[in-house]
Amino acid sequence: MSDDAFVYVTYINTTPEKVWDALLEGELTRQYWGAHENVSDSDWKVGTKWRHVAADGKGTVKHVGEVLENVPKRRLVLSWVNPEHAADQARYTRVAMDIEKVGSMVQLTVTHDRLDPEMRKRITYGWPRVLCSLKSFLETGRPLDVWAR
Amino acid sequence: MPVTRIDVVFKALADPSRRELLDRLHARSGLTLTELCSGLDMTRQAVTQHLAVLQEANLVAVRRQGREKLHYFNPVPIHEIYERWIRKFEQQRLQALHDFKTKLERKRP
């Protein structure tokens, strides 16, 4: 009954509002996501497109997808694919971000499924770094050097 | 309530049975308790207790699917240890030492 999902959980000493904004506002994502931005031209409305862009001056698009669910400050579900495979529905992966208040903290759960081996390799490298950086950014104002080797 | 204090993580990792459970979940994620127990030299009750410690340390995440509880290895706390204890201590030199050790050990008959 095993499935191909990856589940990442982190507890952050902050509020659900701050986590929500940090995930969706390009200005904020850029600060902890190694100069990458999450961008929506349609205010993250369900059924609209979103993209993950490098703030490298050229605006290189790293991932694209669609907003599948949006429950403000609680749950965001996105489809997520490499732009070169954007025409192929079978290549789309799915990311659910769940925000829950636990005492004075926020539990952020990222569930990424429908993965192919290539995407699995990328996300298992990326998500722990990005989430640790987000936690550090929200708690101390200092993000981590996400893509350092 | 789950906490992320680093001592809880180290304590959870200090037990070989719990590390074995993490290895199993790393190899194959989304296992039920029954699947986790199969082929293990541990009672179901012991596995349940170890899983509780691992969940407390946020090393195992649980997702409900219908009536089943699926278990996932959550590497985020280990990454925090990595950031705190390894990355800032000259990772490249540590890597070189590690490679050197591996090379020497491979040469042994």
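Here are some questions and answers about the two chains of this predicted model.

In this predicted model, local features need pLDDT of at least 70 and side-chain atom pairs count only at pLDDT 80 or more, while totals for chains, interfaces and linings use all residues. Residues are numbered from 1 along each chain as its sequence is written, with chains lettered from A and ligands numbered from 1 in the order in which they are written.

User: What order do the elements of chain A run in from the N terminus on?
Analyst: Helices (H or I, at least four residues) and strands (E, at least two) are DSSP runs, numbered from the N terminus. Chain A has three helices and seven strands. From the N terminus on, they run β-α-α-β-β-β-β-β-β-α.

User: Is chain A compact or spread out, going by its radius of gyration?
Analyst: The radius is taken over C-alpha atoms, and the globule rule is 2.2 Å times the number of residues to the power 0.38. For 149 residues that rule gives 15 Å, and chain A comes out close to it at 15 Å, so it is as compact as a globular protein of that length. The verdict for chain A, then: compact.

User: And chain B, what is its radius of gyration?
Analyst: Chain B has six helices and two strands, and its C-alpha atoms fill a box of roughly 50 × 35 × 20 Å along the principal axes. The globule rule gives 13 Å for 109 residues; chain B is well over that, so it is more spread out than a compact globule, with a radius of gyration of 17 Å.

User: Which element of chain A gives the most to the side that touches chain B?
Analyst: Two residues are in contact if their C-beta atoms, placed from the backbone, lie within 7 Å. By that test, 19 residues of chain A are in contact with 20 residues of chain B. β1 (6-12), β7 (105-113) and α3 (117-140) of chain A each supply at least two residues of that side. The one giving the most, with six residues, is β1(A).

User: How far apart do the C-alpha centres of the two domains of chain B lie?
Analyst: Domain bounds come from an automatic or database domain assignment, which for chain B gives domain 1 (1-74) and domain 2 (75-109). Eight residues of domain 1 of chain B are in contact with five residues of domain 2 of chain B. Their C-alpha centres lie apart by 25 Å.
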